[in-house]
Amino acid sequence: MSRRSLLRGGVGTFGASLLGGLALPVAGCGGDSGGKVNAPDALMRSVSFSSMAAPNLTLPADMATTKVGSTMTVNFTNNTKQDFKLAYQPFFMTGDRVPDGAGGTTLAGGYYDIYGQAIIDSTVVGKERQYFSDSPDGTTLLTVPGAKVSGVKGNTVFAVVQFEYTSMAQDGTTGMYGKLPSPIAVLTLDQNPTTGKLTLVKYHNVDTSAVHGLWITCGASLSPWGTHLSSEEYEPNAFTAASDAQFKAFSQNLYGSESQANPYHYGHIPEVTVNVDGTASVKKHYCLGRISHELVQVMPDMRTVLMGDDATNSGLFVFVADTEKDLSAGTLYVAKVGSGFSLDPKAAPAALTWVKLGKATSAEIHRLANTLQPTDIMDVKTADPLDAGYTKVNANGKTEWIKLVPGMEKAAAFLETHRYAALVGASMGFSKMEGTTVNIKDKVAYSALQNCVASMVTGNKYNTPGNGVSIPTALNAGAVMALNLQGGLSDTLGTAINSVWMPKDIKALLTGQDMVADALGNTANPEKIANPDNLKFSEKMRTLFIGEDSSQHVNNFLWSYNIDTQVLSRIMSIPAGGESTGLHAVDEINGWTYIMSNFQHAGDWGGIHSIVKTTLDPLIKANYKDKAGAAVGYLTADPVQTRLTKG
């Protein structure tokens, strides 16, 4: 194979799999003599990535596919180096028939109702078919002690993949966003112990009926104890759910009834535990706040959880669990931003203080979700009631007037989290705070602001004066923020916070740059990030990986940013109109390192695509099942040389 994983070279060697599975040696290397592995005579010193050019209409085919043109360079302590040409390798495309592990096949990305029955797209008469997703998202790669799955010849590795939504029914006109219960699957992968290559052996669709099905599963992360932490984004509005066409369609597709789904069952954190046979179980944690969960990042203490909140008027939330490796009980906090908040990377950081929203168990909040109506918790007005008993707040991109029902503080904190956080004076001013990740060595977390608009801009109707989040002008292209972490902090009432991984301040690390549309249609500088979404950090490579969800770049990109050298490199280009998703960096599995990634909704055209659409639309349709399919995969490497001994 010309696109293959690098042959493993010896003691301490690990592979790096970028955007789906790259096996590269970057920890060290050793010679092999007669099958006996010698001690390494050169260790990895640093890793860098060359920056590929952005594709353009000179080669339209490159804009209509996953284009990789980067080289990864491993520098060794003996002043030598090795180069690896990167390439993308999918496991499958959604809509493919893939092995089910029992001698048959199943539909990749297929949708099922609460009863385990396939949900059928009947929008084209005579071509009825099961719905499948064009939007794979959060992906984790993991191992399970004692795993044994039929068909695996090498090492047994699992990937958990969730599917956020499907864009359209097959008629091409019926929008399906948020109308189907999100599937989640376990992939059993056969890891070649010699090359690190991953091959799909079994696809298992996880039964989510015990947790009321899943709602718009977006980003994901791997917990330190080896479980897949999913997400439910854009929590449904409980006050309007009964009349909301989207939520009624979701309920109909899930239960066969427009009115059976309970909005308070969604907007939480599902946790998937993989079994030794490649099946899995799922539970939801209802005590981490009902917000627009993009993904969560658990800190090394296995208790502190930093959360992305992908909404307008979003906040920075942290959950501190009572017990290690157990998210079923703990305390929820939300940040207040001090003076000096800025998007200038040269500016000093703004201090953060923490408001305690409440302490709860998942079980008790689930009971409240089962029994309470929204009006039992608070009264919400959309126009000024001219009543001093109500408080004006900005929440979820709307201005509302809220009055809390006495005694309902806990229910409000955990089921109406956005509204309650605004009510108690938190800084609910961010716009689309998405991916989060952590640099353990430096004790720094990173959070993506997909854009910096609306609620963040001074004078905007959704900006709350005095909440600390205020910039003079919008930055549509967004930013990546850095948050220093420490212990010894107390909440705003003076009570100590039981964590040594709390964010103490926030400042800009990287920003995009808005511009007048160029000849291709880009409205953000293509040589900088735009609308960052997925973030993952590799400790061993000292590299922050950044995936875009941009309406300003004609093609979205995957970037690497070396924290030490501060070099930003474009690694991969996503098919035009698509989004970079599913990013996950794993420093070591059985001696190999992997970085996983997917993409969503190729050919989802916006205004910036007017120049390229006519040329690219037929190419993308041909590549991706008439735009209904999307890839789940990883980056592989072509080494310049295959022997890693460094003398």
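Where is the place of His212? In this predicted model, His212 sits in the loop between strand S15, residues 198–205, and strand S16, and I would like to begin there because most residues other than glycine have a negative phi. His212 is not a glycine, and yet its phi is positive, at about 70 degrees. With a relative accessibility of 14%, against a cut-off of under 20% for burial, His212 counts as buried.

Arg542 can be taken alongside it, since phi there is near 55 degrees, again a positive value in a residue other than glycine. Arg542 belongs to the loop between strand S33, residues 532–538, and strand S34, residues 543–548, and, with a relative accessible area of 12%, Arg542 is buried.

Let me go back to S16, which leads us into a sheet. Four strands make up this open sheet, in the order S16-S17-S18-S19, and their pairing is antiparallel. Strand S16, at 221–222, and strand S19, at 280–285, stand at the edges with a single partner strand each, so one side of each has no neighbour in the sheet. Between strand S18, residues 269–274, and S19 the antiparallel pairing runs over six bridges, and Glu271 has Lys283 in S19 as its bridge partner.

Next, helix H2, which covers residues 245–255. Which residues of H2 are buried? They are Phe247, Phe250, Ser251, Leu254 and Tyr255, and, looking down the axis of H2, these buried residues fall within an arc of 95 degrees, so they line one face of the helix. At the N-terminal end, Asp244 acts as the cap of H2, with a side-chain oxygen 3.2 Å from the backbone nitrogen of Gln246, while after the helix comes Gly256, whose phi is positive, near 80 degrees.

Helix H3, residues 362–371, can be read in a similar manner, with Ser362, Ile365 and Ala369 buried. Seen down the axis of H3, its buried residues fall within an arc of 70 degrees, so they too line one face of the helix. The face turned away from that buried side carries Arg367 and Thr371, which are exposed. As for the surroundings, the buried residues of H3 pack against S19, the edge strand I mentioned, and also against strand S23 (326–337), strand S24 (350–361) and helix H5.

H5 brings me to the nonpolar cores. In soluble globular proteins, nonpolar side chains tend to be buried together. Here the largest nonpolar core has 39 residues, and those with the most contacts inside it are Met307, Phe317 and Leu357. Helix H5, residues 409–415, gives the most to this core, with five residues. Looking at Phe317 and leaving aside its neighbours within four places in sequence, we find it in contact with a list of residues that includes Ile291, Val305, Met307, Leu332, Val334, Leu357, Ala421 and Met428, and also Asp309 and Thr417. A second, separate core has 38 residues, among them Met72, Met93, Ile571 and Ile574.

Finally, a smaller piece of sheet architecture: three strands form an open sheet in the order S25-S27-S26, with antiparallel pairing. Strand S25, at 378–381, and strand S26, at 391–395, stand at the edges, each with a single partner strand, so one side of each is left without a neighbour in the sheet. From one strand to the next, the twist averages 40 degrees. S25 pairs with strand S27, residues 398–404, in the antiparallel sense over four bridges, and the bridge partner of Lys381 in S27 is Trp401.

Definitions and conventions. Residues are numbered from 1 along each chain as its sequence is written. Side-chain values use heavy atoms; hydrogens and water are left out. Buried means under 20% relative accessible area, exposed over 50%, partly exposed in between (1.4 Å probe, protein chains only). Helices (H or I, at least four residues) and strands (E, at least two) are DSSP runs, numbered from the N terminus. The arc is that of the directions from the helix axis to the C-beta atoms. A polar contact is a pair of N or O atoms within 3.5 Å; within protein, one must be able to donate a hydrogen and the other to accept it, and residues adjacent in sequence count only if both atoms are side-chain atoms. Two strands pair if DSSP finds at least two bridges between them. Axes are lines fitted to C-alpha atoms, for helices over the stretch in contact, and angles run from 0 to 180 degrees between N-to-C directions. A nonpolar core is a set of buried Ala, Val, Leu, Ile, Met, Phe, Trp, Tyr and Cys residues joined through side-chain atoms within 4.5 Å. Contact means heavy atoms within 4.5 Å.
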